[in-house]
Amino acid sequence: MTDENTTLQGEAVQSETVTAVETPESATDTEQQLVEEGDIAADYIEELLDIADLDGDLDIDVRAGRAYLSVSSDEEDALRTLSKPDTVSALQELTRLAVQSKTGRFSRLILDVGGSRDARADELSALVDAAVARIEAGAASASLPPMSSYERKLVHDLVGERGYTSESEGEGRDRHTVVRKA
């Protein structure tokens with residue numbers, strides 16, 4: 001009995017290895033999987049908008065190995081409540097769970113509601129500018145507030161563009177970025 005389990009486990013590992021080696025087809029499959037994630041997410045958000053009696057246009061895109069779903073509206077105030085940062089984060093997590101329940105795979109989908117991602121990128125840029133100013137004024141380092149892994153990645157990119165270094169410190173909800181001279 002033990003030998004059979006070992007063999008079965010070995011076969012599972014072997015088939016995973018074979019799948020990982022098939023690069024040309026796996027790259028296409030990954031793109032198709034991301035498009036599928038976007039479609040499932042769009043259906044989920046569309047249902048939510050219908051329930052809330054809100055009008056919104058949905059755009060699906062694949063960028064940097066992630067599905068992006070953008071919700072926009074011609075009416076200026078239509079998405080105001082849904083585009084608040086905490087609300088977008090919560091909706092993104094719920095949408096990821098909806099995608100995972102349909103596909104069986106973890107989703108790294110990014111949700112943008114009413115331009116919230118661009119607005120947050122502008123806020124992060126201002127935070128990085130303030131951190132750089134503190135360092136130029138003589139501080140050895142400057143810590144930024146805790147943020148999501150996606151936001152920390154954006155910050156690391158911004159810091160690098162400005163010629164400084166950064167690293168993430170802390171655990172869980174307290175994980176934050178520390179900026180230093182290069």
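These exercises walk through a predicted model of one protein chain.

Residues are numbered from 1 along each chain as its sequence is written. The model is predicted, so local features need pLDDT of at least 70 and side-chain atom pairs count only at pLDDT 80 or more, while totals for chains, interfaces and linings use all residues; side-chain values use heavy atoms, with hydrogens and water left out.

**Exercise 1. The chain as a whole**

Task: State how many helices and strands the protein chain has, and in what order the elements run.

Solution.
- Start with the terms. Helices (H or I, at least four residues) and strands (E, at least two) are DSSP runs, numbered from the N terminus.
- Count the elements. The protein chain has 5 helices and 6 strands.
- Read the order. From the N terminus on, the pattern is α-α-β-β-α-β-α-β-α-β-β.
- Check burial. Buried means under 20% relative accessible area, exposed over 50%, and partly exposed in between (1.4 Å probe, protein chains only). Of the 182 residues, 30% count as buried.
- Look at contacts, meaning heavy atoms within 4.5 Å. Among those between residues at least 6 apart in sequence, 53% join residues at least 24 apart.

**Exercise 2. Two cores**

Task: Find which residues of the largest nonpolar core touch the most other members, and which elements give two or more residues to this core.

Solution.
- Define the object. A nonpolar core is a set of buried Ala, Val, Leu, Ile, Met, Phe, Trp, Tyr and Cys residues joined through side-chain atoms within 4.5 Å.
- Pick out the residues. The largest core has 17 residues, and V71, L79, L111 and V113 touch the most other members.
- Name the elements. Two or more residues come from each of α2 (23-51), β2 (66-72), α3 (85-103) and β3 (110-113). The largest share, 5 residues, is from α2.
- Zoom in on L111. Neighbours within four places in sequence aside, L111 contacts I45, L69, V71, V88, L91, Q92, T95 and R117.
- Move to the other core. A second, separate core has 13 residues, including L124, I135, A142 and L144.
- Add the background. In soluble globular proteins, nonpolar side chains tend to be buried together.

**Exercise 3. Where α4 meets α5**

Task: Describe how the axes of α4 and α5 cross, and which residues meet.

Solution.
- Set the rules. Axes are lines fitted to C-alpha atoms, for helices over the stretch in contact, and angles run from 0 to 180 degrees between N-to-C directions.
- Take the angle. The axes of α4 (residues 116-136) and α5 (residues 149-161) come within 10 Å and cross at roughly 50°.
- Classify the angle. That makes α4 oblique to α5. The classes are roughly parallel under 35 degrees, roughly antiparallel over 145, roughly perpendicular from 65 to 115, and oblique for the rest.
- List the residues. From α4 come R117, R120, L124, S125 and V128; they meet Y150, E151, L154, V155, L158 and V159 in α5.
- Sort the residues. They divide into 7 nonpolar, 1 polar and 3 charged. Here Ala, Val, Leu, Ile, Met, Phe, Trp, Tyr, Cys and Pro count as nonpolar, Asp, Glu, Lys and Arg as charged, and the others, Gly among them, as polar.

**Exercise 4. Three residues in the helices**

Task: Decide whether V128, L158 and I135 are buried or exposed, and say what each one touches.

Solution.
- V128 lies in α4. V128 is buried, because its relative accessible area is 0%. Beyond four places in sequence, V128 touches L144, V155, L158, V159 and R162.
- L158 belongs to α5. L158 is buried too, at 17%. Its contacts, residues up to four places away not counted, are L124, S125 and V128. The C-alpha atoms of L158 and V128 are separated by 7.1 Å, with the residues 30 apart along the chain.
- I135 is in α4. At 1% relative accessibility, I135 counts as buried. Leaving out neighbours within four places, I135 contacts S141, A142, Y164, V179, R180 and K181. I135 and K181 are 46 residues apart in sequence and 7.3 Å apart in space, C-alpha to C-alpha.

**Exercise 5. Two positive phi values**

Task: Locate D53 and A64, and give the phi of each.

Solution.
- Recall the background. Most residues other than glycine have a negative phi.
- Take D53. Its phi is near 55°, a positive value. D53 sits in the loop between α2 and β1 (57-63). D53 is exposed, with a relative accessible area of 68%.
- Take A64. Its phi is near 50°, also positive. A64 is in the loop between β1 and β2. A64 is exposed, at 77%.
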